[in-house]
Amino acid sequence: MADSIDESKNVTVTEEDLENKSKGELIKLAGQLRDRRNELNQMASERASARDDLNAKTREKVDEAQEHREKRDELNEQVQEHKDKRNELNADANELFDKVDNLKNDLELDEGTSVEQLKEEIEDLEFKQQTEVLSSEDEKELIEKIETKREKLQEKQEKLDQGGDLEELKEEAEEVRSEASKHHQKVTELADEAQKHHNEMIEAYREADEIRDEADEKHEEFVEAQEAADQHHEDFVRVQKRLRELDKKEEEQERSQREEKQEAAREEAEEIYQKFKEGETLDTEDLMKLQKAGKL
């Protein structure tokens, strides 16, 4: 809330005051106007200084907000760079994992009996062949089973040999995915930091608005005090002008009175001079009057 002027301390002058107040009263009134004018000018100066200080603080807060804005934008650019890199690496990792899956399907490593299981089955069949008495037909059938499983075992082992590339491909895919995760972590960290600067920017702008409102109030107070001071100065000038008019009027009255006295003295001296010429005896006072009038 604005700090208003105590108007009860203001001094007012009407045309009636100028016309009717005595010179002494007007001199006193001029002094009151001058003192109140100076007091109001001092008040206006102090309010202007306070306003300027507040405006400077507003600029500081705006500059602070701008710094946070620039830092936020800089961090957001870095966030976008890491996002782009993360997405690029994730795309590469997905492509590599797709290749891994395709290669697994091509090798059929996830289908059928495992190598170890095939080996155990072959050993069981061979043990049976060696320990059991079989008919020719049964033995022939057993041998065919053993051969079939051996072929499957060989085929499986060949595929496993070819699958060495699969492990390398899988390892590469996991490394790329891990690198993408690092960029994702960086995105999270930088985004959090950017948000902090954004929040601080908003707070600085809010504080700047509050201080600017205070500065605007102080400017209104300054204008009020300055206008009141200017009004007192104008009234002081009016009173001074009236005093000069009175001084001039007094001077004219005094000059007129002096001229009247001088004229009366000349006429009296002329009468005394005529008496002197006619031979009348003059006393000392008459002689002094003649001398003063330049007749002797």
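How many helices and strands are there in the chain? I looked this up before anything else, and I found 6 helices and 0 strands. Here helices (H or I, at least four residues) and strands (E, at least two) are DSSP runs, numbered from the N terminus. Along the sequence I read the pattern α-α-α-α-α-α. The radius of gyration, taken over C-alpha atoms, is 59 Å, well over the 19 Å that the globule rule gives for 296 residues, so the chain is more spread out than a compact globule. That rule is 2.2 Å times the number of residues to the power 0.38.

A note on the ground rules: this is a predicted model, where local features need pLDDT of at least 70, side-chain atom pairs count only at pLDDT 80 or more, and totals for chains, interfaces and linings use all residues. Residues are numbered from 1 along each chain as its sequence is written, and side-chain values use heavy atoms, with hydrogens and water left out.

Next, the overall dimensions. I put a box along the principal axes, and the C-alpha atoms fill roughly 205 × 35 × 25 Å. Of the 296 residues, 25% are buried (under 20% relative accessible area, 1.4 Å probe, protein chains only).

Then I turned to contacts, meaning heavy atoms within 4.5 Å. Among those with a separation of 6 or more, 84% join residues 24 or more positions apart.

Which residues make up the largest nonpolar core? I listed 11 residues in all: V11, V13, L18, L26, L29, A30, L33, F236, V239, L243 and L246. Such a core is a set of buried Ala, Val, Leu, Ile, Met, Phe, Trp, Tyr and Cys residues joined through side-chain atoms within 4.5 Å. Helices α2 (23–107) and α5 (164–277) each supply at least two residues of this core. I also checked V13: leaving aside residues up to four places away in sequence, V13 touches L18, L29, L33, D235, R238 and V239.

Two more stops in helix α5. N199 lies in this helix and is partly exposed (between 20% and 50%) at a relative accessible area of 44%. N199 and H68 are 131 residues apart in sequence, yet 8.8 Å apart in space, C-alpha to C-alpha. D230 is in helix α5 too, and is partly exposed at 37%. D230 and E280 are 50 residues apart in sequence and 71 Å apart in space, C-alpha to C-alpha.
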